[in-house]
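Colleague: I have the sequence and the structure open. Can we go through some side-chain questions, one by one?

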Amino acid sequence: MEEKVRARNKYRKPTTLRCSAGSRCSLPVFLWSLVGCFFMLHLYSLLPDKDANTGQLQIHPGRLFPELEEVEEDNIRIPPPKGKRSPRAAQRRPKKITTLVDEFLDESSQLRHIFFPDLKTAIDPTKNVGNDSFYYYPGRIWLDTEGNPIQAHGGGILYDERSRMYYWYGEHKDGPTYRAHKKGAARVDIIGVSCYSSKDLWAWKNEGLVLVGEKTNETHDLHMSNVLERPKVVYNGKTRKYVMWMHIDDANYTKASVGVAVSNSPTGPFSYLYSKRPHGCDSRDMTVFKDDDDLAYLVYSSEDNSELHIGPLTEDYLDVTSVMRKILVGQHREAPALFKHQGTYYMITSGCTGWAPNEAMAHAAGSIMGPWETMGNPCVGGNKVFRQTTFFAQSTFVLPIPRLSGYFIFMANRWNPADLRYSRHIWLPLAVAGAADQPLEFGFGFPLWSRVSIYWHRRWRLPYRWSE
């Protein structure tokens with residue numbers, strides 16, 4: 001009997017899978033297993049998440065608001081040159097091909113009105129009602145509630161939970177543009193830091209100058225002949241103080257320091273404290289980032305803008321600690337704008353080309369102190385030149401949109417070196433979703449975090465009733 005059972009079992013197919021290296025079924029089983037895993041992950045990604053702190057459902061990008069991620073093309077034709085050249089002149093000196101960037105930098109360009117529309121097309125919250133209300137028009141003049149152009153260049157936004165109000169701080173550049181010397185950069189004398197308040201991120205009330213420049217004391221950091229750029233404000237819950245950090249420099253950009261000011265109110269006045277070179281290093285373009293655990297960090301371009309430095313602030317936010325890490329070494333990046341999504345830190349930076357626009361880069365890290373990985377150009381839409389010039393703008397801040405997990409507002413400046421007071425505010429939707437499209441520099445293959453996309457729109461607005 002035993003022998004018969006053994007004989008039957010001898011020809012029975014095993015119920016377990018053989019997945020040895022020489023097995024024929026190992027590869028198909030492995031592939032189908034991968035397909036099943038990806039399918040389950042896809043189903044899981046379709047489920048709404050709950051915020052760990054509030055318990056509220058979080059909406060993911062690319063599901064309910066596809067209008068924010070529409071790819072808009074913007075083809076601008078370069079006009080033919082004025083006048084005709086003789087054949088002999090063309091042979092002696094062939095005419096240089098004019099690029100769209102050349103047209104942007106040319107004050108007399110026939111395309112000037114496209115890059116810098118005049119006051120007739122301004123965004124006016126007091127008049128734009130009905131179908132035009134709450135729409136952003138990147139590149140147009142943006143008026144405050146008093147009908148004046150918003151002067152908040154190179155700045156950032158603070159949401160104050162106590163007043164439930166947004167405060168927009170930035171450089172006040174409503175003065176004449178000039179050069180301190182023949183080879184100097186275009187500049188405006190220090191006037192101060194402006195502050196605007198809003199509940200809806202569209203209609204902004206002018207709260208005045210919250211940090212005022214110095215007119216008489218030539219030794220003061222804020223003397224009108226010096227440089228004050230990229231002011232950022234964070235609130236310290238322990239000291240109940242509003243702390244402003246900014247780039248402080250002289251007209252030749254040799255001081256390369258940060259300045260610190262403090263106030264009891266988001267609308268000032270701010271008292272200027274001091275300036276210093278953080279960690280003993282030169283510091284130019286900078287930003288301040290406050291994390292979920294209330295720790296704050298200073299990020300700044302250093303070593304002649306060849307790298308970025310990052311380090312935590314002291315508990316009162318009034319100074320840096322001795323801890324510092326060098327990131328993006330040798331990449332020559334400036335204008336850092338940090339934000340965080342689902343435990344991953346992201347940053348948008350620009351290249352170093354003065355007032356001229358250049359290509360943005362997105363970076364990501366699992367820890368704010370690094371290592372940071374470069375993920376590529378985040379710009380989507382417009383045209384190739386638009387994407388290579390960050391839509392003719394430079395990053396300054398990234399603002400999270402409440403209750404819209406994965407969506408942010410990318411804030412940038414379209415600088416007008418001919419007349420800096422009329423530089424434009426470029427606000428565009430930024431989404432964190434989808435697979436990254438560029439391999440890691442230091443890791444293996446592609447990152448686990450999502451790609452960052454900044455979408456070009458001529459006209460757009462936030463989803464209806466997002467703030468309620």
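Colleague: Is Arg284 buried or exposed?
Modeller: This is a predicted model. The relative accessible area of Arg284 is 14%. The cut-off for buried is under 20%. So Arg284 is buried.

Colleague: Which side chain meets Arg284 in a salt bridge?
Modeller: Side chains of opposite charge can pair when their charged atoms come close. Here the N to O distance is 4.0 Å. The partner of Arg284 is Asp304.

Colleague: How many residues apart in sequence are the parts that Arg284 and Asp304 tie together?
Modeller: Arg284 sits in the loop between β12 (271-276) and β13 (286-290). Asp304 sits in the loop between β14 (296-302) and β15 (307-312). The pair therefore ties together parts whose separation in sequence is 20 residues.

Colleague: Is Asp304 buried or exposed?
Modeller: Its partner Arg284 is buried. For Asp304, relative accessibility is 62%. Exposed means over 50%, so Asp304 counts as exposed.

Colleague: Which side chain meets Asp292 in a salt bridge?
Modeller: Asp292 lies in the loop between β13 and β14. Its partner lies in strand β17 (residues 334-341), so the pair ties together parts that are 48 residues apart in sequence. The N to O distance is 3.1 Å. The partner is Lys340.

Colleague: How do Asp292 and Lys340 count, buried, partly exposed or exposed?
Modeller: Asp292 has a relative accessible area of 65%, so it is exposed. Lys340 has a relative accessibility of 24%. That value falls between the 20% and 50% cut-offs, so Lys340 counts as partly exposed.

Colleague: In what sense do β13 and β14 pair, and over how many bridges?
Modeller: One bridge joins Lys290 to Ala296 in β14. Four of the five residues of β13 are buried. The pairing is antiparallel, over five bridges.

Colleague: Which residue in the hairpin of β13 and β14 takes a positive phi?
Modeller: The hairpin has five residues between its strands. The phi in question is near 75°. The residue is Asp294.

Colleague: Which residue forms a salt bridge with Asp189?
Modeller: Asp189 is partly exposed, because its relative accessibility is 22%. Its partner is buried, at 7%. The closest N and O atoms are 3.1 Å apart. The partner is Arg187.

Colleague: Which residues are linked in a network of salt bridges?
Modeller: The structure holds 14 salt bridges. One network links two Asp residues and an Arg. Its members are Asp174, Asp419 and Arg421.

Colleague: Which side chains make polar contacts with the side chain of Thr374?
Modeller: Thr374 is in strand β20 (residues 373-376). Thr374 counts as buried, because its relative accessibility is 7%. One polar contact spans 3.1 Å, and another 3.0 Å. The partners are Gln331 and His363.

Colleague: How many residues are in the largest nonpolar core?
Modeller: Ile157, Trp168, Leu201, Trp204, Ile348, Trp427 and Leu430 touch the most other members. Leaving out residues up to four places away in sequence, the contacts of Ile157 include Tyr166, Phe397, Leu399 and Met411. Another core lies apart, with 20 residues, among them Leu158, Tyr169, Met246 and Phe270. The largest core has 59 residues.

Terms used: Residues numbered from 1 in each chain as written. Predicted model: local features only at pLDDT ≥ 70, side-chain atom pairs only at ≥ 80, totals over all residues. Heavy atoms only, no water. Helix = DSSP H or I, 4+ residues; strand = E, 2+ residues; numbered from the N terminus. Buried < 20%, exposed > 50% of the residue type's maximum accessible area, 1.4 Å probe, protein only. Polar contact = N/O pair within 3.5 Å; in protein donor to acceptor, adjacent residues only side chain to side chain. Pairing = 2+ DSSP bridges. Core = buried A, V, L, I, M, F, W, Y, C linked by side-chain atoms within 4.5 Å. Contact = heavy atoms within 4.5 Å.
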